[in-house]
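Student: I have a protein model open and would like to learn how to read it. Could you take me through some features one at a time?

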Amino acid sequence: MKPRVLVTRHVYPAAIAILQEDCTVDYHATHDVLAPDRLVRRLQHAQGVVCQLTDALTADVIAEAPQLKVIANIAVGYDNVDVPAATARGIVVTHTPGVLTEATADLTFALLLATARRLPEAERFLRGGRWQRWDVDLLCGADVHGRTLGIVGLGRIGQAVARRARGFGMPLLYSAPRPAPEAIERELQARHVPLDTLLQHSDFVTLHVPLRDDTRHLISVEQLCRMRRSAILVNTSRGPIVDEAALVAALEEGLLAGAGLDVFEHEPQVHPGLLALPNVVLLPHVGSATVPVRTRMCALAAGDCAAVLRGERPAHPVNPEVLG
Ligand code: DGY
């Protein structure tokens, strides 16, 4: 009998075609998120699940899925999956790194530019019929070219952002638990510094770390106070890396000049304080949202799910220790 796979939400069709080659697919083909009780019910007879960052694969949910062998998450981040709980049960967890690196770096840079140069505000101004004439001080923003960029986390996406910043003549600082290999530092001309130093000396700070216990609220009151009053914070990683209430207070008090945010602490809710501020640019978690990239992410997750169920090694396991 073919193994059964639950696909929790609408995906690009390539994923379904890949799964159907070897599996019976239980496809919840809508954009709605399955509530935990419905998710548990649909997982009862599933050996595999292809899920998204909106699905909470908690220890409780995993405990209620007796036949589960693989959780394939359509995202590079996997903070929605309780990996230790899956590992304890011998369940393979996979994710989709690599394919979204450049698109996410593009979006990061777009957000940085849009915030510095006040692009959404300028467009609202024009569409609102308020444009009377060219003025010397109309909608002036901050320089980007030549300003210092601080990159928190120099993994795949952090490095891709750094390459773009080189084209803008930006001196680069980065913080990370360990310095990057010398060849990378040389290529990017990036200097490894402690987070506090990075915050003090950067005109732009961009976050590229995964969400874990040790990175939750990595940027809170103390860190925001260290930033330059003229600085802009950009976040395209995960919302809870930033203490959102502290960010709102810092922006309201003028402790930093602005923020460009693609991710939020309680998605899809956005802190009302952020919505009220003119100097922030807010996007609905679209870092990797290009059709080719999202198609590849869906196909990658489906391919890895099917591979595990065929008894093969998946391309991107998060917990390779369960593969033996
Ligand atoms: C991810 O992959 O983790 C992003 O947040 C969605 O592309």
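Tutor: Let us look at strands, a ligand site and a few special residues in turn. Keep in mind that this is a predicted model.

Student: How do I read the two faces of a strand? Which residues of β6 point one way, and which the other way?

Tutor: The general idea is that in a regular strand the side chains alternate between the two faces of the sheet. Now look at β6, residues 149–152: L149 and I151 point one way, while G150 and V152 point the other way. These residues are all buried.

Student: Which strands are joined to β6 by bridges?

Tutor: One is β7 (residues 172–175), which runs parallel to β6 and is joined to it by 4 bridges. Within this pairing, V152 has S175 as its bridge partner. To get from β6 to β7, the chain passes through helix α7 (residues 156–167), and this β-α-β crossover is right-handed. Strand β9 (residues 204–207) is also parallel to β6, again with 4 bridges. There, V152 stands opposite L207.

Student: Let me try another strand. Are the residues of β4 buried or exposed?

Tutor: Both faces of β4 (residues 70–73) are covered. V70 and A72 lie on one side, I71 and N73 on the other, and all are buried. Strand β3 (residues 48–51) pairs with β4 in the parallel sense over 4 bridges, with G48 opposite V70. Strand β5 (residues 92–94) is parallel to β4 too, joined by 3 bridges, and T94 in β5 is the bridge partner of A72. The chain crosses from β4 to β5 through helix α4 (residues 83–88), in a right-handed β-α-β crossover.

Student: Now the ligand. Which residues are around it?

Tutor: A good way to begin is to list the neighbours and then look for polar atoms facing each other. Here the residues around the ligand are L53, A75, V76, G77, L100, R238, H285, S288 and M297. This shell divides into 5 nonpolar, 3 polar and 1 charged.

Student: Where do oxygen atoms of the ligand meet polar atoms of V76, G77 and H285?

Tutor: For V76, the partner is a polar backbone atom, 2.7 Å from a ligand oxygen. G77 also offers a polar backbone atom, at 2.9 Å from a ligand oxygen. With H285, it is an N or O atom of the side chain, 2.7 Å from an oxygen of the ligand. The protein covers 90% of the 230 Å² of accessible area that the ligand has on its own.

Student: What about backbone angles? Which residue has a positive phi of about 55°?

Tutor: That is R118, although it is not a glycine. R118 sits in the loop between α5 (101–116) and α6 (119–127), and it counts as partly exposed because its relative accessibility is 26%. Q189 is another non-glycine residue with a positive phi, near 50°. Its place is the loop between α8 (182–188) and β8 (190–192), and Q189 is exposed, with a relative accessible area of 54%.

Student: Which peptide bond is cis?

Tutor: Look at the bond from E267 to P268, where omega is near 5°. P268 is in the loop between β11 (258–261) and α12 (272–276).

Student: One last feature: with which side chain does D26 make a polar contact?

Tutor: The side chain of D26 contacts that of R42, at 2.9 Å. D26 lies in strand β2 (residues 24–27) and counts as buried, because its relative accessibility is 13% and the cut-off for buried is under 20%.

Note on methods:
Residues numbered from 1 in each chain as written. Predicted model: local features only at pLDDT ≥ 70, side-chain atom pairs only at ≥ 80, totals over all residues. Heavy atoms only, no water. Buried < 20%, exposed > 50% of the residue type's maximum accessible area, 1.4 Å probe, protein only. Helix = DSSP H or I, 4+ residues; strand = E, 2+ residues; numbered from the N terminus. Pairing = 2+ DSSP bridges. Right-handed = clockwise from strand over helix to strand, strands pointing away. Near = heavy atom within 4 Å. Polar contact = N/O pair within 3.5 Å; in protein donor to acceptor, adjacent residues only side chain to side chain. Areas by Shrake-Rupley, 256 points an atom, 1.4 Å probe, with all protein chains shown as cover. Nonpolar A, V, L, I, M, F, W, Y, C, P; charged D, E, K, R; others polar.
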